Amino acid sequence: PAYAVKGSWEPESVDLKELSKGHLGALLQPLEPNVSLPTLGYRRGGLRLVADDGHLSADYSSKFGDDTALDVHVDDEKAWRATLKGDNSWLRVRGAGLELDKLSWE
């Protein structure tokens, strides 16, 4: 795979008092690269990991018998959801982190 880094630098007028104090942020910030990476993914069995736009998420799917499936999704912002589906019913639970008092049921 190839990765492209794009950038340009057009220095703006900088307050000399700020530079003398060591505040180089305004001068150097335009030099920060703009990096664009492709979506990266990994899949094995029922597990899928995806890194996209600086965020990581994980999905897991499993079957219990012939008619029941469990799907779990977790992301790097601690949000998660779990779905249990059967032939005649389903249950979906959502949350964030380990705070069980803020669960959402469907």
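# Sheet, hairpins and one salt bridge in a predicted model

In this predicted model, an open sheet is built from seven strands in the order 3-4-5-6-7-8-9, and their pairing is antiparallel. Strand 3 (40–44) and strand 9 (104–105) are at the edges with a single partner strand each, so one side of each has no neighbour in the sheet.

Q: What makes up the secondary structure of the protein, and what pattern does the protein follow along the sequence?
A: The protein has two helices and nine strands. Along the sequence they follow the pattern β-α-α-β-β-β-β-β-β-β-β.

Q: Why are strand 4 and strand 5 called paired?
A: Pairing requires at least two bridges between two strands. Strand 4 and strand 5 have six bridges, in the antiparallel sense, so they count as paired. Val50 stands opposite Ser57 in strand 5, and Arg48 stands opposite Asp59 in strand 5. The two strands form a hairpin with two residues between them, and Asp53 in the turn has a positive phi of about 55°.

Q: How many bridges support the pairing of strand 5 and strand 6, and what lies between these strands?
A: Eight bridges support this antiparallel pairing. Ser61 has Asp71 in strand 6 as its bridge partner. Strand 5 and strand 6 form a hairpin with three residues between them, and in the turn Gly65 has a positive phi of about 75°.

Q: What joins strand 6 to strand 7, and which residue stands opposite Lys85?
A: Strand 6 (residues 68–75) and strand 7 (residues 79–85) run antiparallel and are joined by six bridges. Ala69 stands opposite Lys85 in strand 7. These strands also form a hairpin with three residues between them, where Lys78 in the turn has a positive phi of about 70°.

Q: How do you know that strand 7 pairs with strand 8?
A: The criterion is at least two bridges between the strands. Seven bridges join strand 7 to strand 8 (residues 90–96), and the two run antiparallel; the criterion is therefore met. Arg81 stands opposite Arg94 in strand 8, and a hairpin through four residues joins strand 7 to strand 8.

Q: Why is the contact of Arg48 with Asp59 called a salt bridge?
A: The term requires a side-chain nitrogen of Lys or Arg within 4 Å of a carboxyl oxygen of Asp or Glu. The side chains of Arg48 and Asp59 meet at 3.0 Å, N to O, so the pair qualifies as a salt bridge. Arg48 lies in strand 4 and Asp59 in strand 5, so the salt bridge ties together parts that are eleven residues apart in sequence. A search of the whole structure finds one salt bridge.

Q: What makes Asp59 buried or exposed?
A: Buried means under 20% relative accessible area. Asp59 has 18% relative accessibility, and therefore counts as buried.

Q: Why does Arg48 count as partly exposed?
A: Partly exposed residues are those between under 20%, which is buried, and over 50%, which is exposed. Arg48 has 33% relative accessibility and so counts as partly exposed.

Q: How do you know that the side chain of Asp59 makes a polar contact with the side chain of His73?
A: The distance for a polar contact is within 3.5 Å. For the side chains of Asp59 and His73 the value is 2.7 Å, and the pair is listed as a polar contact. Leaving aside neighbours within four places in sequence, Asp59 is in contact with Gly46, Leu47, Arg48, Val72 and His73.

Q: Which residues make the nonpolar surface patch, and which strands each supply at least two residues of the patch?
A: Tyr42, Leu47, Leu49, Leu56 and Tyr60 make this patch of about 440 Å². Strand 4 (47–52) and strand 5 (55–64) each supply at least two of its residues.

Q: What makes Tyr60 eligible for the patch in terms of relative accessible area?
A: Patch residues need over 30% relative accessible area and no salt bridge. Tyr60, which is found in strand 5, has 40% relative accessibility and so counts as partly exposed.

Q: What share of the residues of the protein counts as buried, and how much surface does the protein expose?
A: Of the 106 residues, 8% count as buried. The protein exposes about 8900 Å², of which carbon and sulfur atoms supply 55%. Among contacts with a separation of 6 or more, residues 24 or more positions apart account for 9%.

Note on methods: Residues are numbered from 1 along each chain as its sequence is written. This is a predicted model: local features need pLDDT of at least 70, side-chain atom pairs count only at pLDDT 80 or more; totals for chains, interfaces and linings use all residues. Side-chain values use heavy atoms; hydrogens and water are left out. Patches are made of residues with over 30% relative accessible area and no salt bridge: like charges are joined within 9 Å, nonpolar side chains (Val, Leu, Ile, Met, Phe, Trp, Tyr) within 5 Å. Accessible areas come from the Shrake-Rupley method with a 1.4 Å probe; for residues, only the protein chains shown count as cover. Buried means under 20% relative accessible area, exposed over 50%, partly exposed in between (1.4 Å probe, protein chains only). A polar contact is a pair of N or O atoms within 3.5 Å; within protein, one must be able to donate a hydrogen and the other to accept it, and residues adjacent in sequence count only if both atoms are side-chain atoms. Contact means heavy atoms within 4.5 Å.
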